[in-house]
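Dear colleague,

Please find below the structure that I am handing over to you. My notes on what was found in it follow directly after.

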Amino acid sequence: MFKNVIVYRLASPWSVTQADLEDALQPDRFVECGASQEKSVGWVEPRGQAHGPLVEVVGGQWVLKLMMEVKSVPGSVVKRKVEEQVAQIEVSTGRKPGKKEVRELRDEARLTLLPMAFTKQGSVGVWIDPKDGLLVLDAGSQSKADEVMTALIKAIPGFAVQLVNTQVSPAAAMAVWLSTRESPSDFSVDRECELKASDESKAVVRYTRHPLDTEEVSQHIALGKMPTRLAMTWNDRVSFVLTEALQLKKVTFLDTVFEDSPKAAGDRKEDNFDADVVISTGELSQLIPDLMEALGGEVPLGSMPGMPVAP
């Protein structure tokens, strides 16, 4: 269920009921973009069943999903249309449109072309772990995570979270693991890494499908290049790429995880939703604390600015 992981700490104990949250999300169900609408954001059914609940609770774990649809017109198309209109104005009136008029033409062209534009959809899975006080997003970027936060603030009065922070930064820890060629307990270093210089050169070295326990890698770090991404595996069960921002990318649950996993009856994808939730949250609920420990432990809540996420 998770390809990416961004972890937040809930600022206060989770006290929202499933029924109350369901009611709060209903007004913001996802609706596709209208003809002249550039963007639409709303909640969809995590289980994928039309008109189903927006809040699923499986084994005490809460699952939501936010859908985002964007409709955009290529800038080159808008530019060409505006240039044509400007040329027509010059021919018919003998004058050249001013900057304000050109801006108005550009806005008008965009609105005219929007109904013909292709749409792009993407969703972000949301997992709330009330017992451990965690909020985990399957978001590939911080901007998408911020979209989810905005939607949650709107739905939950007083909602506040803080990005999980650790005593040792991921970049510093990754540098030690690569330099000493010693992985932290329960983890192994895989064969993908990115190193970036902090000086003006901003030089970048990337390794893909390449051994990292080499003198060459250690030398790059000794010369000041810091790791920004490092592929790792936890307990031979979950592989991922750790970033300098403490995000997990390319999360993959390995075969050992599914060997004895329960399966719901039937072959349809939705039939296995509960089992997938149990498996993925069960693995990540162990991986995340182990990773925090490998990074020196979590900084206590309140030691850094939080994200109130609500006016």
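**Findings: loop residues**

R181 is partly exposed, its relative accessible area being 40%. Please bear in mind throughout that this is a predicted model. R181 belongs to the loop between helix 5 (170–180) and strand 8 (187–197). Its backbone deserves a look, as R181 has a positive phi of about 60° although it is not a glycine.

N235 presents a positive phi as well, with a value near 50°, and this residue is likewise other than glycine. N235 sits in the loop between strand 10 (225–234) and strand 11. With a relative accessible area of 34%, N235 is partly exposed.

A further loop residue to note is L295, placed between helix 8 (273–294) and strand 13 (307–308). Is L295 buried or exposed? L295 counts as buried, because its relative accessibility is 0% and the limit for buried is under 20%. The C-alpha atoms of L295 and K249 are separated by 17 Å, and the two residues stand 46 apart along the chain.

**Salt bridges**

How many salt bridges does the structure hold? There are 11 salt bridges in the model. Three of them are described here.

K154 forms a salt bridge with D28, and the closest N and O atoms of this pair are 3.1 Å apart. The pair links distant parts of the chain, 126 residues apart: K154 is in helix 4 (residues 142–155), while D28 is in the loop between helix 1 (18–25) and strand 2 (39–43). K154 is exposed, with a relative accessible area of 61%.

A salt bridge also joins the side chains of E101 and R95, at 3.0 Å from N to O. E101 is partly exposed, as its relative accessible area is 24%. R95 counts as partly exposed too, at 39% relative accessibility. Elsewhere, salt bridges that share partners join R47, E56 and D274 into one network.

Within that network, the side chains of E56 and R47 meet in a salt bridge of 3.1 Å, N to O. E56 is buried, since its relative accessible area is 8% and buried means under 20%.

**A polar contact in strand 11**

S239 is found in strand 11, which covers residues 238–243. At 17% relative accessibility, S239 counts as buried. Its side chain makes a polar contact with the side chain of T233, at a distance of 2.8 Å.

**A positive surface patch**

Which residues form the positive surface patch? The patch is made up of K99, K100, R103 and R106. Of these, K99 lies in helix 3 (residues 99–113). K99 is exposed, because its relative accessible area is 72% and the threshold for exposed is over 50%.

**Points to view first**

When you open the model, I would suggest three places to begin. One is the K154 and D28 salt bridge, which links distant parts of the chain. Another is the network that joins R47, E56 and D274. The third is the pair of loop residues with positive phi, namely R181 and N235.

With kind regards

Terms used. Residues numbered from 1 in each chain as written. Predicted model: local features only at pLDDT ≥ 70, side-chain atom pairs only at ≥ 80, totals over all residues. Heavy atoms only, no water. Patch = residues over 30% accessible without salt bridge, like charges linked within 9 Å, V, L, I, M, F, W, Y side chains within 5 Å. Areas by Shrake-Rupley, 256 points an atom, 1.4 Å probe, with all protein chains shown as cover. Salt bridge = Lys/Arg side-chain N within 4 Å of Asp/Glu carboxyl O. Lys, Arg positive; Asp, Glu negative; His and termini not counted. Charge placed at Lys NZ, Arg CZ, Asp CG, Glu CD. Helix = DSSP H or I, 4+ residues; strand = E, 2+ residues; numbered from the N terminus. Buried < 20%, exposed > 50% of the residue type's maximum accessible area, 1.4 Å probe, protein only. Polar contact = N/O pair within 3.5 Å; in protein donor to acceptor, adjacent residues only side chain to side chain.
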